[in-house]
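Here are my notes on the model, point by point. Please read them with the structure open.

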Amino acid sequence: MAQENLRVQQSPTLKEKFPKLKTLTVELSHYDPTGVSRSSQVKQTVNVAFAKSVFRVACHNQECVRGDFDLSPKLAAAVAKKKPSIVGEMCCQGWRNRATIDIEPCKNILRYKLTLGY
Ligand SMILES: [Zn+2]
């Protein structure tokens, strides 16, 4: 995990990486693997001048091993096509807990909406 944090720290800011991008709003909803019960929902405006371009969201399963959501490729693809917004969902690729490594994947679901201004 320390290496991942380093990768985030060393990445350029959003403004450096995507000069065209002026504003970014992120809406995130965390769901359990069934996709039915929602554990949290957040909406935040990202400061593109300071936010790092490696854009990771932690999995809400406290026990999750090696899981999180990397929205960086989605964001890069959206900016490349100058899309005003994208929505989608991702499935956590980590393990449910330490006892189930290699047995039971976490599969928590993150639903996201990114609103982009240029
Ligand atoms: Zn997870």
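1. Terms and order. Helices and strands here are DSSP runs, at least four residues for a helix (H or I) and at least two for a strand (E), numbered from the N terminus. The model is predicted. On that basis the protein has three helices and six strands. The order from the N terminus is α-α-β-β-β-β-α-β-β.

2. Overall dimensions. The radius of gyration of the protein is 15 Å, and the globule rule gives 13 Å for 118 residues. The two values are close, so the protein is as compact as a globular protein of that length. Along the principal axes, the C-alpha trace spans about 45 × 30 × 20 Å.

3. Burial and contacts. Of the 118 residues in the protein, 24% are buried. Take the contacts between residues at least 6 apart in sequence: 63% of them join residues at least 24 apart.

4. Helix α3. Which residues of α3 are buried? They are L75, A78 and V79. Seen down the axis of α3, these buried residues fall within an arc of 95°, so they line one face of the helix. P73, A77 and A80 are exposed on the other side of α3. The cover over the buried residues of α3 includes β5 and β6.

5. Strands β5 and β6. β5 covers part of α3, as noted. How many of the seven residues of β5 are themselves buried? The count is zero, and β5 is hardly covered. β5 and β6 run antiparallel and are joined by seven bridges. Within this pairing, C91 stands opposite I109 in β6. As background, side chains in a regular strand alternate between the two faces of the sheet.

6. K82. Most residues other than glycine have a negative phi. K82 is not a glycine, yet its phi is positive, about 50°. Where does K82 sit? It is in the loop between α3 (72-80) and β5 (85-91). The positive phi of K82 thus comes just after α3. Is K82 buried or exposed? The cut-off for exposed is 12 or fewer other C-beta atoms within 10 Å. K82 has 10 within that distance, so it is exposed.

7. D102. This is another residue to check by eye. D102 has a positive phi of about 70° and is not a glycine. Its place is in the loop between β5 and β6 (109-117). With 6 C-beta neighbours inside 10 Å, D102 also counts as exposed.

8. C64. Here the point is a loop residue that is covered. C64 lies in the loop between β3 (56-58) and β4 (68-70). Is C64 buried or exposed? A residue needs 20 or more other C-beta atoms within 10 Å to count as buried. C64 has 21, so it is buried. What does C64 touch, leaving aside residues up to four places away in sequence? C59, C92, G94 and C106. L116 is a separate matter: C64 and L116 are 52 residues apart in sequence and 30 Å apart in space, C-alpha to C-alpha.

9. What to look at again. Start with the face of α3 that carries L75, A78 and V79. Go on to the antiparallel pair of β5 and β6. Then view the two loop residues with positive phi, K82 and D102. Finish at C64, which is buried, and its contacts with C59, C92, G94 and C106.

Conventions
Residues are numbered from 1 along each chain as its sequence is written. This is a predicted model: local features need pLDDT of at least 70, side-chain atom pairs count only at pLDDT 80 or more; totals for chains, interfaces and linings use all residues. The radius of gyration is taken over C-alpha atoms; the globule rule is 2.2 Å times the number of residues to the power 0.38. Two residues are in contact if their C-beta atoms, placed from the backbone, lie within 7 Å. The arc is that of the directions from the helix axis to the C-beta atoms. Two strands pair if DSSP finds at least two bridges between them.
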